[in-house]
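User: I am trying to learn how the words used for ring contacts and exposure are justified. Could you take me through the reasoning, one label at a time?

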Amino acid sequence: MGDISKDIQSKFESKKIKALINIKFTSNWLNSKENSFFKPYGISPQQFNILRILRGAKKEIKVQNIKDRMIERAPNATRLMDKLFDKNLIGRFRCEDDRRVVYVNITKTGLDLLQQIDALNNISFLDKLSEQEAATLSDLLDKIR
């Protein structure tokens with residue numbers, strides 16, 4: 001079992017500081033795992049998030065709605081979507097009534113990619129938590145925010 005004190009060879013002045021450092025360390029660890037996992041698919045974790053948002057929408061939605069729903073607010077969300085479009089993972093078109101509004105949808109290729117990724121169940125590290133522990137962790141993280 002991991003211990004942040006041992007992992008970074010440090011002592012902490014309080015349990016709250018230790019918890020904060022542990023959250024940041026774990027966040028970086030998760031980001032590294034995600035980047036490595038998605039690399040063979042040619043997408044980033046942020047692009048995966050965009051594809052999941054579009055799959056959940058079940059129809060085209062405004063680019064701004066995607067930006068609002070992203071887990072990690074990326075200032076470069078438009079560029080991320082440009083890359084997904086270039087790979088034929090999403091489609092996009094302008095609103096006929098307001099040319100400033102752009103709609104985006106997921107393509108069959110994008111849905112197929114998500115199905116491939118979903119089949120791998122890349123969250124096995126969460127198996128270490130019981131359902132109750134996962135609920136408690138989620139509640140505590142909500143409480144911090």
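User: What makes Arg 92 count as lying over the face of Phe 85?

Analyst: In this predicted model, Arg 92 lies 4.1 Å from the ring centre of Phe 85. A charge sits over a ring if CZ of Arg is within 6 Å of the ring centre and within 35 degrees of the ring normal, and the distance of 4.1 Å meets the cut-off of 6 Å.

User: Why is the pair of Trp 29 and Phe 125 called edge-to-face?

Analyst: The centres of Trp 29 and Phe 125 are 5.5 Å apart and their planes stand at 80 degrees. Rings pair if their centres lie within 6.5 Å, and planes over 60 degrees apart count as edge-to-face, so both values fit the label. Trp 29 lies in helix 2 and Phe 125 in the loop between helix 6 and helix 7, so the pair ties together parts that are 96 residues apart in sequence.

User: Why is the pair of Phe 37 and Tyr 41 called tilted?

Analyst: Their planes are at 45 degrees, whereas stacked needs under 30 and edge-to-face needs over 60, so the rest count as tilted. Their centres, 5.8 Å apart, also meet the limit of 6.5 Å.

User: How do you know whether Phe 37 and Tyr 41 are buried or partly exposed?

Analyst: Buried means under 20% relative accessible area, and partly exposed runs from there up to 50%. Phe 37 has 14%, and is therefore buried, while Tyr 41 has 23%, and is therefore partly exposed.

Terms used:
Residues numbered from 1 in each chain as written. Predicted model: local features only at pLDDT ≥ 70, side-chain atom pairs only at ≥ 80, totals over all residues. Heavy atoms only, no water. Phe/Tyr/Trp six-rings, centres within 6.5 Å; stacked < 30°, edge-to-face > 60°. Helix = DSSP H or I, 4+ residues; strand = E, 2+ residues; numbered from the N terminus. Buried < 20%, exposed > 50% of the residue type's maximum accessible area, 1.4 Å probe, protein only.
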